[in-house]
Amino acid sequence: MSRRSGSPRGFRSLLEYIGSELDFETDFYNDAYLDRRITARIRRTDSDDYRAYERLLKRDGDEAEALMDSLSINVTGFFRNPEAWERLRDVLRELTTDHRTVRVWSAPCADGREPYSLAMLARDDAQIDERRLDILATDINPDILAEARAGVYETSQTTDIEAELEPLSDVSPYIDRDGDTFTVRDSIREMVSFEQHDLIRGDPQGEFDLMLCRNFLIYIDSSFKEPIFETISESLRSGGYLMIGMTETIPNQCRGTFESVDKQRRIYTRV
């Protein structure tokens with residue numbers, strides 16, 4: 001816990017309030033992640049410590065909403081870790097050579113940049129048959145899903161959209177640009193279906209050929225990683241591909257279910 005934000009007891013009290021009154025399952029997430037996000041809101045609101053911030057939450061619905069938005073994991077980007085996407089290009093080429101629909105699941109999809117990256121990569125590569133791709137993108141947060149469906153992104157001090165799109169040979173067929181505003185064209189948005197889904201407590205989503213679950217597991221408490229991987233494995237067909245974040249690993253209990261295809265880039269198949 002952050003010493004400047006108060007005592008461990010104050011932190012626990014705040015988590016209990018968030019869980020019981022704001023209906024956010026704090027037990028699923030590791031304490032370091034929760035503390036970083038909560039402490040940022042404490043500083044933003046000039047609250048003295050955890051207890052003062054808890055009192056603020058009880059009287060200020062707008063701040064409760066702001067905290068829920070902050071706790072939702074929505075850190076993403078177009079073609080995050082470009083070298084991993086180059087390896088994923090080979091996977092998509094292989095999958096779309098068969099004369100069938102290739103089902104892909106991006107979860108959690110945050111603001112949509114990951115599934116849109118998939119769609120644009122497929123359109124940009126002549127060896128990938130994008131007509132065969134059926135892309136599902138899910139997230140637990142309905143507000144972030146609305147942003148994802150809109151497909152409008154802005155360059156800011158912390159986000160350089162133009163730099164994110166550099167892996168594409170030419171962005172103009174996929175993106176409309178107006179100054180610092182980048183809008184995904186309808187032809188790309190129509191390739192992606194968005195649905196609300198809780199990856200921790202939700203049911204498997206059928207048999208997919210490829211699943212992307214990147215940069216989510218690092219925030220999750222270790223006791224909940226095994227159930228997530230059970231959902232993932234039950235959602236992948238035999239031989240289906242899984243891609244996780246570059247700093248993430250398969251839990252020991254689940255390593256018999258997945259075989260490494262490219263360990264460095266965290267690509268596996270379900271065995």
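These exercises explore how two domains meet in a predicted model.

**Exercise 1.** Find how the protein is divided, and how many Å separate the domain centres.

*Solution.* Start with the bounds. Domain 1 covers 8-71, and domain 2 covers 82-270. Next, take the centres over C-alpha atoms: they are 30 Å apart. Now look at the contact. Eight residues of domain 1 and eight residues of domain 2 take part in it.

**Exercise 2.** State how much area the two domains bury between them, and which three residues supply the most on the domain 1 side.

*Solution.* First, the total. About 850 Å² is buried between domain 1 and domain 2. Carbon and sulfur atoms hold 55% of that area. Then turn to domain 1. Of the area that domain 1 buries against domain 2, 60% comes from Phe28, Tyr29 and Asn30. No other three residues supply more.

**Exercise 3.** Count the salt bridges and the residue pairs in polar contact between the domains, then sort the domain 1 side by class.

*Solution.* One salt bridge links domain 1 and domain 2. Check the side chains of Arg201 and Glu25: they form a salt bridge, at 2.8 Å from N to O. A salt bridge needs 4 Å or less, so this pair qualifies. Four residue pairs are in polar contact between the domains. The side of domain 1 that touches domain 2 has three nonpolar, one polar and four charged residues.

**Exercise 4.** Locate Phe224 and list the residues it touches beyond four places away in sequence.

*Solution.* Find the loop between β7 (208-213) and α10 (225-235): Phe224 lies there. Beyond its sequence neighbours up to four places away, Phe224 touches Asp27, Phe28 and Ile200.

How values were computed. Residues numbered from 1 in each chain as written. Predicted model: local features only at pLDDT ≥ 70, side-chain atom pairs only at ≥ 80, totals over all residues. Heavy atoms only, no water. Domains from an automatic or database assignment. Contact = heavy atoms within 4.5 Å. Buried area = accessible area lost by both parts, 1.4 Å probe. Polar contact = N/O pair within 3.5 Å; in protein donor to acceptor, adjacent residues only side chain to side chain. Nonpolar A, V, L, I, M, F, W, Y, C, P; charged D, E, K, R; others polar. Helix = DSSP H or I, 4+ residues; strand = E, 2+ residues; numbered from the N terminus.
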